[in-house]
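Please examine the model below with attention to its cysteines, its nonpolar interior and two individual residues. The paragraphs that follow take these topics in turn.

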Amino acid sequence: MFSPDHAALLLVDVQQAFADPAFGTRNNPDCEANVGRLLAHWREHGGTVVFVRHDSTEPGSTLRPSQPGNAFQPVIEGEPDLLVTKEVNSAFIGTPPLEPWLRERGIDAIVVAGIQTNMCCETTARMGANLGFEVAFALDATHTFDRPDPVKGGRIDADTLARVTAANLQDEFAQVLSTDELIDGS
């Protein structure tokens, strides 16, 4: 179901800006290595690869197209089958439109990986499921950052946010899988 011959690999916002310490404490130091493993596996098996880039319109954002942080991290190499640029959280609301592009190619399953777990990756997975795609969420090929806790004060650590994302998605929107499960299962 989620093999390179059946599912498109969506690599979401793996951009230089997220290496900036200003984002705070992150989890999963293996994220980029796992993204690289998935990308290599999809390419080795002739799978469809989509790069998604956040082109912020916020003044001062390091993700603005004119900023060095907008560029992809070195692990995102080569040419994708499709490059989607977006200004919002979901890869399905971007240019060119992702859903019709996938449908025209008969692709009805996606694998989501990238940055940030609980933001653009989770939003893309939820919307993909809502649009009728089968979704795999490669949790160990994502990472996020600690966030302020608006209810109790203090901070919610990135590992907790990632676990909550996994709980939110599992069985309702996606199958939460590891990089090894995705590679070994195809």
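How far is the sulfur of Cys 121 from the closest cysteine sulfur, and why is there no bond between them? In this predicted model, the closest cysteine sulfur to that of Cys 121 belongs to Cys 120, at 7.1 Å, which is too far for a bond. A disulfide requires the two sulfur atoms to lie within 2.5 Å. The structure as a whole holds zero disulfides. Cys 31 is likewise in no disulfide, the nearest cysteine sulfur being that of Cys 121, 7.7 Å away. Cys 121 has a relative accessibility of 0% and counts as buried; Cys 31 is buried as well, with a relative accessible area of 1%.

The nonpolar interior may be considered next. The largest nonpolar core comprises 28 residues, of which Phe 2, Leu 11, Val 35, Leu 38, Val 111 and Leu 182 touch the most other members. At least two residues of this core are supplied by each of strand 1, helix 1 (31-44), strand 2 (49-54), strand 5 (109-115), strand 6 and helix 5 (179-184). Helix 1 provides the largest share, with five residues. Apart from this core lies another, of 24 residues, which includes Leu 82, Leu 102, Ile 110 and Val 135.

Leu 182 illustrates the contacts made by one of these residues. Setting aside residues up to four places away in sequence, Leu 182 touches Phe 2, Leu 38, His 41, Val 111, Ala 136, Ala 138 and Leu 177.

Ala 7 lies in the segment before strand 1 (8-12). With a relative accessible area of 2%, Ala 7 is buried, because the limit for that class is under 20%. Beyond its neighbours within four places in sequence, Ala 7 is in contact with Met 1, Phe 2, Trp 42, Thr 48, Ala 109, Ile 110 and Val 111. Of these partners, Ala 109 stands 102 residues from Ala 7 along the chain, yet their C-alpha atoms are separated by 4.5 Å.

Leu 139 offers a further case, located in strand 6 (residues 134-143). Its relative accessibility is 25%, so Leu 139 counts as partly exposed. When residues up to four places away in sequence are not counted, Leu 139 touches Asn 28, Thr 117, Ala 162, Ala 166, Val 176 and Leu 177. The C-alpha atoms of Leu 139 and Glu 79 are separated by 24 Å, with these positions 60 residues apart along the chain.

Definitions and conventions:
Residues are numbered from 1 along each chain as its sequence is written. This is a predicted model: local features need pLDDT of at least 70, side-chain atom pairs count only at pLDDT 80 or more; totals for chains, interfaces and linings use all residues. Side-chain values use heavy atoms; hydrogens and water are left out. Helices (H or I, at least four residues) and strands (E, at least two) are DSSP runs, numbered from the N terminus. Buried means under 20% relative accessible area, exposed over 50%, partly exposed in between (1.4 Å probe, protein chains only). Contact means heavy atoms within 4.5 Å. A nonpolar core is a set of buried Ala, Val, Leu, Ile, Met, Phe, Trp, Tyr and Cys residues joined through side-chain atoms within 4.5 Å.
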